[in-house]
Amino acid sequence: MDNTIEKKKVIFSGIKPSGELTLGNYLGAIKNWVTLQNEYECYFCIADLHAITVKQEPKDLRKRTLDLLSIYIACGINPKENTLFIQSHVPAHSEASWLLTCSTYMGELSRMTQYKDKSQKSGDSISAGLFNYPVLMAADILLYNSDLVPVGIDQRQHLELARDIANRFNNTYSDTFVIPEGYTPKEGAKIMDLQNPSKKMSKSEENPNCYILIMDKPEVIRKKISRAVTDSIGVVNYTDEQPGVKNLINIICAIKGVSPEEVVESFIGKGYADFKSEVATIIVNELSPVQEKINELLGDKKQLEEIYKEGAAKASYTANKTLRKMQKKIGLIPR
Ligand code: TYM
């Protein structure tokens, strides 16, 4: 009899608690984690150390960190089967990040488009943390020997860099890291801004009509969708000439798991008013039960504390093993 249990492949992903979560975060990341969780051994972190690359109000950061943990669980991530933890509770991330910083080139980091965009907005006071942020993300991923990293398209470049850093380390010091693959969903990988569908939906936009928040009330969702920019063509089609409509179709596809063709077919002969009303209903039906669960979970802080403490212990065990390996290979004397 074969007693060997096949080891599951590993997933790592995270979200930074730097603002309220949008529908983009939900469809680009969390919803896919929920689908993949049973097939993989999963580590999902709340990337608080990433959040502080831009200034955060301490009390808001604390609140959002716990909110995010409850969002993960409310969306359907099972805390018993997966490791949910707060990044700063596992010091190996910061330590490994330094070791990997020494295997990363300035040129690589200065080519990161997210850094270029954000630093333009920050003027002269750009933190070195913002510049180094992709190295910390590489540390997150590589410490767990992750096979798969489910993220939205905007994080693909950082993942590519993590792969380059891992390869460089392996070549310099012998095989240490698994080279991770990215996973981006077909239709939810880049949910666009509702007012400017050439830009990604982002929580940092000033006008709230640009985004849907996971916690938005039904009437707010309906209002925002009814105001979403479309075009003067007036027919529900899935084409680049109608980016606003295309984005709303992508939202339906990502929520319902249907194809764009199926959506287009179901709106033949119908105008944008009917279409938008249906989009809003689909979003409301998806988010309402999640919102209810989030509020319920936030009422039991003790339970959340147990979850993140247990998560940190499990994550530390794996992360520390990899960290020790890295230190030894580099030539640091074991303690
Ligand atoms: P963050 O917090 O900016 O975004 C979290 C996740 O949401 C996805 N996302 C989107 N997907 C589709 N459409 C959008 N409009 C949209 N906006 C955001 C992002 O692609 C991401 O998957 N550095 C990361 C967090 C992180 C991480 C990691 C991710 C830290 N360590 C290790 C993966 C692996 C970040 O800031 O994501």
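**Reading helix 10 and Asp140**

Reader: Why does the end-to-end distance of helix 10 agree with its number of residues?

Author: Because a helix is expected to span 1.5 Å times one less than its number of residues, the 14 residues of helix 10 (residues 243–256) should span 20 Å, and its end C-alpha atoms are indeed 20 Å apart. Helices here are DSSP runs (H or I, at least four residues), numbered from the N terminus. The model is predicted, so that local features need pLDDT of at least 70 and side-chain atom pairs count only at pLDDT 80 or more, while totals for chains, interfaces and linings use all residues. Residues are numbered from 1 along each chain as its sequence is written, and side-chain values use heavy atoms, without hydrogens and water.

Reader: How many residues of helix 10 are buried, and what do they pack against?

Author: Buried means under 20% relative accessible area, with a 1.4 Å probe and protein chains only. In helix 10, 11 of the 14 residues are buried, among them Asn247, Asn250 and Cys253; these buried residues pack against helix 1 (23–36), helix 9 (218–226), helix 11 (260–266) and helix 12 (272–298).

Reader: Which residue does UniProt list for "binding site", and is that residue buried or exposed?

Author: The unreviewed UniProt entry lists Asp140, though such annotations may be inferred rather than shown by experiment. Asp140 lies in helix 7 (residues 128–142), and it counts as buried because its relative accessibility is 4%. Contact means heavy atoms within 4.5 Å; leaving aside neighbours within four places in sequence, Asp140 is in contact with Phe12, His50, Gln87 and His93.

Methods
Helices (H or I, at least four residues) and strands (E, at least two) are DSSP runs, numbered from the N terminus. Buried means under 20% relative accessible area, exposed over 50%, partly exposed in between (1.4 Å probe, protein chains only).
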